[in-house]
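Here's a small set of exercises to work through with the structure open beside you. Try each task before reading on to its solution.

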Amino acid sequence: MRVYVCVKHVPDTAANIKVVGGSGFDESVKFIVNPYDEYAIGEASKLVKAEGGEVVIVTLGKASAMTTVRAALAIGGDRGILIKTDKQFVESDETALILAKAIEEDGGADMIFAGKQAADSEGMQTCYRLAANLGMPVATEVIGFSYADGKAIVEREIGGGEREVIEMTAPCVVGATKGLNEVKYPKLPDIMKAKKKPVNEMDAGSLKVDALGLVELVSLEQVPERSNAKMLEGSVTEAVDTLVKLLRDEAKVLD
Amino acid sequence: MARIGVLIETNEKSVKPANFGVLTAARGEGNEIYAFVLEADAAAFQDGLKAYGVSKVIAVGASDGDFSKKPDLQAAALVAAMKNVEITALLTLSSTRGKDLLARMAAATHSGLALDCIGVDLDAGTCVKPYFAGKTEATLKLSGDLFLCAIRPNAIEETEAPCDITAETFTADVTDDGKLVIKEVKASGSAKVDLSEANVIVTGGRPIGSKENFSILEECANAMGGAVGASRVAVDSGFASHAMQVGQTGKIVSPKLYIGCGLSGSVQHFAGMKTSKVIVAINNDKDAPIFTKCDYGIVGDLFEVVPALTAALKK
Ligand SMILES: Cc1cc2nc3c(=O)[nH]c(=O)nc-3n(C[C@H](O)[C@H](O)[C@H](O)COP(=O)(O)OP(=O)(O)OC[C@H]3O[C@@H](n4cnc5c(N)ncnc54)[C@H](O)[C@@H]3O)c2cc1C
């Protein structure tokens, strides 16, 4: 099987984000493998271990995203494709067209995994658009996966503690989230090996996709943390009595 | 004034209250609202919808028969139903199901889509949504044939606007390639109130220490008709189920009241609850970071403070 994993190069979730120039941000922060994509890599590796074949990491990002391709290859994967662009935020429709084209030109997929969303732009839709471009079925927020006889069975949480069990005909697109597997953090030998794995680099422009430009980022604004919390002093009983009174009369969030 | 569609999330035979904020957003300065339900009987939902300005409720079905197990067919039927009444903008709740259906519609029609929004301006064609897990907010302008936007539960305060309502049925002539089928819905039985739609959430962190100890949070939440959440550490330690996790890799919630008990206040946890109206922190370390980003704080042992709070609520 040829299994692709779409991986995004994103700022560390703990990084301080400083908005610059109205719709950009200070990119001199640490970048990492998009956290949800780690589950995707783990599941792809398990599948290829069972079925044979190879795992290919595909990343659309700036040239600096090579660190993320290598980090992903250290978690799992045989080779990589880095499609270079000069933007951090590439609109989902365009991203999906580029990924689909790159995957097809590379030989085509027997299965595609990705994270359910990017931790930076939180679009939550690239998996769906990628699947539509390739004529494949798709499910995201996947926390359970199995594969047999050309069918993938996935599970997703649908709220209220319920889980949906979905059957898809392969090839299909699976959007992973926490719960799908335990992420194994790479050890030094994995990191060294990953440095030697082949990575095919190309420019996004060379794939010549026609994106419609469906979503435009107009502006980005910093959200200030709340501050000046009211600290409730006194004995435990006094503190909770005051709290209940404030929640009822001041904040008006309790009846 | 425009005609705006709202896909309604139903619960058996009733309209989930979480829809009312979405309807309020759709109404804007007096838009005409048509509601779509993926149920057989539109009339059953009239009473629940007319208070919020819905002038027509349309039960959408497919000529193919039962499409409840085929989300791609549901999406195709909704696109056809919108076209049938000349609606190009559709809003819904950013629930697991709402997000999934809108994304299927957007992908199939190459339309602009924004999910997990906390604001929408239908005249300008823009949505506001968190980027970077709530550290920033982005304003997005959507284009394409359809304008599709899912709104985070509780993000928009509901207001009533009663009107007359009619009900009708629309059967879409759509077919499906059969490549995706929902085989089964398994109930875990645990969660009573859906976390992302709860008005009050009481959350436990690492110091809760065991599954059993969560009962003190449950009693407190019950006293307010709320739900119980957990931090990732509490989930990964086996004290709570994954469905209860709040945060970046868990549920996104926006209740009126969020009470964090034994939470340090990590950015990843705040990613999931930062837009709560009021945040209360209970922590035994006066220097815990959560006290710098909440509205009310109590320094104390959660095993003393939470039961006392439950008692105070019952007074
Ligand atoms: C990619 C990524 C994604 C993540 N996603 C999530 C997520 O979705 N959700 C999430 O929650 N975390 C997430 N995390 C983890 C996050 O970084 C923190 O590790 C986690 O939130 C901390 O959980 P906590 O607050 O329960 O525990 P701790 O950070 O250990 O804090 C416990 C707090 O309890 C206080 N305390 C101890 N004993 C008592 C007592 N008896 N009474 C009162 N207070 C007491 C302590 O003073 C401390 O402040 C993620 C991390 C990463 C890297």
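## Exercise 1: The sheet across two chains

Glu162(A) stands opposite Ala187(B) in E13(B). This is a predicted model, so treat that register as computed.

**Task.** Work out which two strands this residue pair belongs to, how they pair and over how many bridges.

*Solution.* Start with the strands: E11 of chain A, residues 162-169, is the partner of E13(B). Now the sense: the two run antiparallel, with seven bridges between them.

**Task.** Give the strand order of the sheet, and name its edge strands.

*Solution.* Step one is to walk along the sheet: E13(A)-E7(A)-E6(A)-E1(A)-E8(A)-E12(A)-E9(A)-E10(A)-E11(A)-E13(B). That's 10 strands in an open sheet with mixed pairing. Step two is to look at the ends, where strand E13 (199-203) of chain A and strand E13 (180-187) of chain B each pair on one side only. Step three is the twist: ignoring direction, neighbouring strands are turned by 30 degrees against each other on average.

Next, see what packs on this sheet. Helix H4 of chain A (residues 126-134) does, and it touches strands E1 (2-6), E8 (111-115), E9 (138-148), E10 (151-157) and E12 (173-176) of chain A. The direction of H4 makes about 60 degrees with that of E9(A).

## Exercise 2: One strand, two hairpins

**Task.** Take E10(A): is it largely enclosed or left open, and why?

*Solution.* Count the buried residues, using under 20% relative accessible area as the cut-off. Five of the seven residues of E10(A) pass, so the strand is largely enclosed by the rest of the structure.

**Task.** Describe the pairing of E10(A) with E9(A) and with E11(A), and find the residue with positive phi in each hairpin.

*Solution.* Go one side at a time.

- On the E9(A) side, the pairing is antiparallel over six bridges. Tyr147(A) sits opposite Ala152(A) in E10(A). The hairpin has two residues between the strands, and Asp149(A) takes a positive phi near 50 degrees.
- On the E11(A) side, the pairing is antiparallel over seven bridges. Here Val154(A) faces Ile166(A) in E11(A). Four residues lie between the strands of this hairpin, and Gly159(A) in the turn has a positive phi of about 90 degrees.

## Exercise 3: Where the chains meet

**Task.** How many residues of each chain are in contact across the interface, and what area is buried?

*Solution.* Contacts come first: 76 residues of chain A touch 81 residues of chain B. Then the area: the chains bury about 7,000 Å² between them, with 57% of it on carbon and sulfur atoms. Finally, look for the top contributors on the chain A side. Tyr128(A), Lys178(A) and Arg226(A) lose the most area to chain B, together 11% of what that side buries.

## Exercise 4: Domains

**Task.** Find the domain bounds in each chain, and the distance between the domain centres.

*Solution.* For chain A, the assignment gives domain 1 (2-207) and domain 2 (225-255). Their centres, taken over C-alpha atoms, are 44 Å apart.

For chain B, the bounds are 3-172 for domain 1 and 195-314 for domain 2. The C-alpha centres of these two lie 31 Å apart. In their contact, domain 1 of chain B puts in 11 residues and domain 2 of chain B 12. About 1,000 Å² is buried between them, carbon and sulfur atoms giving 49%. On the domain 1 side, Ala133(B), Arg152(B) and Asn154(B) supply 49% of the area buried against domain 2 of chain B, more than any other three residues.

## Exercise 5: Cysteines without a bond

**Task.** How many disulfides does the whole structure have? Then explain why Cys149(B) and Cys220(B) are not in one.

*Solution.* A search over all chains finds zero. To see why, use the cut-off: two cysteine sulfurs must lie within 2.5 Å.

1. For Cys149(B), the closest cysteine sulfur is that of Cys127(B), at 3.7 Å, which is too far for a bond.
2. For Cys220(B), the closest cysteine sulfur belongs to Cys261(B), at 6.6 Å, again too far.

One last check is burial. Cys149(B) counts as buried at 0% relative accessibility, and Cys220(B) is buried with a relative accessible area of 0%.

Conventions: Residues numbered from 1 in each chain as written. Chains lettered and ligands numbered in written order. Predicted model: local features only at pLDDT ≥ 70, side-chain atom pairs only at ≥ 80, totals over all residues. Heavy atoms only, no water. Buried < 20%, exposed > 50% of the residue type's maximum accessible area, 1.4 Å probe, protein only. Pairing = 2+ DSSP bridges. Axes fitted to C-alpha atoms, helices over the stretch in contact; angles between N-to-C directions. Contact = heavy atoms within 4.5 Å. Domains from an automatic or database assignment. Buried area = accessible area lost by both parts, 1.4 Å probe.
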